[in-house]
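Colleague: Could you take me through one part of this model closely? I'd like to start from a single helix and work outwards from there.

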Amino acid sequence: MTLGLTALELARIQFAFTISFHIIFPAISIGLASFLAILEWRWLKTQDPIYPDLFKFWVKIFAVAFGMGVVSGVVMSYQFGTNWSEFSRIAGGVTGPLLAYEVLTAFFLEAGFLGIMLFGWGRVGPRAHFFSTLMVAVGTCISMFWILSSNSWMQTPQGFAIENGLFVPKDWIAIVFNPSFPYRLAHMAIAAFLVSALLVAATAAWHLIQGRRDALVKTSFSMAMWLILALAPLQVLVGDVHGLNTLEHQPAKLAAMEGHWETNHDGGMPLYLFGLPDMQAEETKYAIAIPNLGSLILTHSMDGTVTGLKDFVPEDRPNSAIVFWSFRIMVGLGMLMLLLAIWGAWSRKKGRFYESRGLHRFALIMGPSGFIAMLAGWFTTEVGRQPWVVYGIMRTKDALSPVSAEQVGLTLIIFVVVYCVVFGAGIYYMLRLMHKGPEFIHSTPPHEIDSDVIQASHRPLISIRESIEDGADNADQENKK
């Protein structure tokens, strides 16, 4: 059952598995909540019925993601008590209040207005409904604020004292706004918005490929691609300043990310494009490097010094074999997002934005890239922090509960089975909704759209040939309802 793994290794695997599932859904919620607020704002401003139709489509996906995020988040708190009770006992004086603030501010705000947002359309005034949507969007961002503050404090701790072996808060401003927090908050916020923008773009691209050219699909694709064009370059800039912050406060993590072993005292540090870091041999094998580029990127100087992993004792080194590649996956996908944004802008300028099948296929393929890049970034952050749970102060092994490998292994198996069934069903349902696509409710489909295309988009599992007039009549009947 344990495959020769220790309780510590199994507990870390379990936490990585559950948090990887969990982070996907809040990312969708954060991005889609703001997207829904923008759609409703546009409707109030223009009275264009396209926007409420898109709102009613994407709010369904938001609701599923929000529900699964709440359920998966409960498990995270559960694990702090079962697998990491020593961490809760020692560091709970700092992390406990931060997580409580998240519940008292963000969760209550979201819960208070979520019902109106989901079920209040037509039951409350338009402005009241928009205010509820806006409050849900604000609540998701507040939740992200407190979660990132807590996690960032574990990366760059300050504002506390250790009394009788326990962390005691002394300066809450310093704790909340710790050195890495502003950069990590911005990085995660942009990542969440990119996740949703790529999801919306991929959904619209799928229907463009299938032949739909109605306003619902075009508007979705256009809005998503504008957002990607704005956010992809911004994420590159934020990533750069975040890297400088990591170089200052977590040099071992950065050395592991770069596969950098020897401190470059006599010249610039190369940038490894490819390599296989070997922790035992203390070298990066089969390296393909660009001279001096590492120093230029990390220090903004051609000969800037970057501390190598050999300057840290072996027991304090992160696993470079994992961090090296998770970081490159994140960066590589970020570059592809930038390419998608540029391609979209070029196609828009050339007047082929809605007709370029190559662009549409690329946008469809890039749909999952936001999730993959985000998970790769979190693996880089969390594995790069090891062997510390509170960086430089408390080791991960000292945070473990007194549990056996068999106990943790059994719960890990249960988690894998339950998660795959429950959340697999939720993800499948979301994909079915996206496959079906947005429907005309308040607006009417233009007559030039082929009837087969409209019906195929409304019924993803079957293809029924109907006349254009029947499609319009169905839309009118829905409007009357």
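What follows starts with one helix and then moves on to the core and a few other spots.

Modeller: Sure. Keep in mind that this is a predicted model. Let's take helix α10, which runs over residues 320-349. From its first C-alpha to its last, α10 reaches 43 Å, close to the 44 Å expected for its 30 residues at 1.5 Å a residue. Have a look at both ends. At the start, asparagine 319 has a side-chain oxygen within 3.0 Å of the backbone nitrogen of alanine 321. At the other end, α10 is followed by glycine 351, which has a positive phi, near 80°.

Now pick out leucine 340, which falls within the 320-349 stretch of α10. Setting aside neighbours within four places in sequence, leucine 340 is in contact with Leu198, Met225, Ile228, Leu359, Phe362, Ala363 and Met366. Leu340 also belongs to the largest nonpolar core, a set of 81 residues. Along with Ile28, Trp58, Phe62 and Phe221, Leu340 touches the most other members of that core. Helix α6 (residues 181-209) gives the most to this core, with 16 residues. Apart from it lies another core, of 25 residues, and Ala11, Val94, Leu98 and Val390 are among them.

For contrast, here are some residues that aren't buried. Alanine 100 sits in helix α3, residues 85-119. With a relative accessible area of 32%, alanine 100 counts as partly exposed because that value lies between the 20% and 50% cut-offs. Its C-alpha is separated by 9.0 Å from that of tryptophan 146, although the two are 46 residues apart along the chain. Valine 416, in helix α13 (residues 405-436), is partly exposed too, at 31%. The C-alpha atoms of valine 416 and valine 200 are 28 Å apart, with the two residues 216 places from each other along the chain.

On the cysteines, which a bench person may well ask about: the structure holds zero disulfides. Cysteine 141 is partly exposed at 27% relative accessibility, and cysteine 420 is partly exposed as well, with a relative accessible area of 47%.

One last stop, the hairpin. Strands β1 (residues 160-163) and β2 (residues 166-169) pair in the antiparallel sense over four bridges, and isoleucine 162 stands opposite phenylalanine 167 in β2. Two residues lie between the strands, and asparagine 164 in this hairpin takes a positive phi near 55°.

Technical notes
Residues numbered from 1 in each chain as written. Predicted model: local features only at pLDDT ≥ 70, side-chain atom pairs only at ≥ 80, totals over all residues. Heavy atoms only, no water. Expected span 1.5 Å × (residues − 1). Polar contact = N/O pair within 3.5 Å; in protein donor to acceptor, adjacent residues only side chain to side chain. Pairing = 2+ DSSP bridges. Buried < 20%, exposed > 50% of the residue type's maximum accessible area, 1.4 Å probe, protein only. Disulfide = S-S within 2.5 Å. Core = buried A, V, L, I, M, F, W, Y, C linked by side-chain atoms within 4.5 Å. Contact = heavy atoms within 4.5 Å.
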